[in-house]
Amino acid sequence: MSENMDEKIADMVQEVYQNGYAVLDNFITENFRKLLLDEQQDLLRHGQFRHAGIGKGDAFSIRPEIRSDKVMWMDSFNLTPLQNQYWAMIDQVRTSINQRCFLGLRSFEAHFAMYPPGSFYLRHLDQFHQVKYRVVTIILYLNDSWTPEDGGALRMYLPSSEGEEILDIYPEGGKLVVFLSAEIPHEVMTTYKERISITGWLRDIEY
Ligand SMILES: O=C(O)CCC(=O)C(=O)O
Ligand SMILES: [Fe+2]
């Protein structure tokens, strides 16, 4: 991995350490983004995506009134070469966060997500009682283009002196968003265009 990448990651991790979140434009090259998007589109065409649910184990349920995206979980033991390349980058992020923040992160889980037009995900936290092991959320957007009129912002609710402050982040291709899963409530605003991403979580458990 290039030195440039090392530096980008170190700066980003410093921001996570200070603020609990970081947003990084152009985390991946355009070429790599297009390849990942092609792979995602291919899987989508082959019917590999399922309606996303909420909760885990017995508490799992599909609740389109809460979230209406479709996902495809990656198999950490059987990654494609492209997925493997992305996981290697995230492993560098993991190591760097451990060095700076001492979070004891040990593994990663991730899914492709597709929000069809009209879909959303209401305000939530990524860490809840059944998934205490989710410590850091990492989202990479794969969209070819995005404008505010397309909707679909990731709305983060940040602590502020007035109680809470809103930060809207548009899912522009190549952008990486990293935040502490237990600390930052967020939602996906209704999208008016198909919205593609990889969402993952660094965990403090082994596979
Ligand atoms: O895609 C996003 O911007 C956020 C997705 C999300 O909050 C989740 O999958 O838990
Ligand atoms: Fe989330």
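Biologist: By class, how many nonpolar, polar and charged residues does the shell around ligand 1 have?

Modeller: Keep in mind that this is a predicted model. To read a shell, sort its residues by class: here five are nonpolar, three polar and one charged.

Biologist: Which residues surround ligand 1?

Modeller: Go along the chain and you meet Ala-113, Tyr-121, Asp-126, Ile-139, Leu-154, His-186, Val-188, Ser-197 and Thr-199. Then ask where they sit: β10 (186–188) and β11 (195–203) each give the shell at least two residues.

Biologist: Okay, now the core. Which residues of the largest nonpolar core touch the most other members?

Modeller: For a core, look for its best-connected members. This one has 45 residues, and Ile-97, Val-136, Ile-138, Leu-140, Val-178 and Leu-202 touch the most others. Elements giving two or more residues to this core include α1 (3–19), α3 (81–101), β6 (134–141), β9 (176–180) and β11.

Biologist: What does Val-178 touch, leaving out residues up to four places away in sequence?

Modeller: Met-12, Val-16, Tyr-21, Ala-22, Val-136 and Ile-138.

Biologist: And zooming out, how many helices and strands are there?

Modeller: Three helices and 11 strands. In sequence order, the pattern is α-β-α-β-β-α-β-β-β-β-β-β-β-β. For contacts, check how far apart the partners are along the chain: among those between residues at least 6 apart, 79% join residues at least 24 apart.

Biologist: Why does the radius of gyration agree with a compact globule?

Modeller: Compare it with what the chain length suggests. With 207 residues, a compact globule would come out near 17 Å, and the protein has 16 Å, so the two agree. The C-alpha trace spans about 45 × 40 × 40 Å along its principal axes, and 33% of the residues count as buried.

Notes:
Residues are numbered from 1 along each chain as its sequence is written. Chains are lettered from A and ligands numbered from 1 in the order in which they are written. This is a predicted model: local features need pLDDT of at least 70, side-chain atom pairs count only at pLDDT 80 or more; totals for chains, interfaces and linings use all residues. A residue is near a molecule or strand if its C-beta atom, placed from the backbone, lies within 6 Å of it. Helices (H or I, at least four residues) and strands (E, at least two) are DSSP runs, numbered from the N terminus. Ala, Val, Leu, Ile, Met, Phe, Trp, Tyr, Cys and Pro count as nonpolar, Asp, Glu, Lys and Arg as charged, and the others, Gly among them, as polar. A nonpolar core is a set of buried Ala, Val, Leu, Ile, Met, Phe, Trp, Tyr and Cys residues joined through C-beta atoms within 7 Å. A residue is buried if 20 or more other C-beta atoms lie within 10 Å of its own, exposed if 12 or fewer, and partly exposed in between; C-beta atoms are placed from the backbone. Two residues are in contact if their C-beta atoms, placed from the backbone, lie within 7 Å. The radius of gyration is taken over C-alpha atoms; the globule rule is 2.2 Å times the number of residues to the power 0.38.
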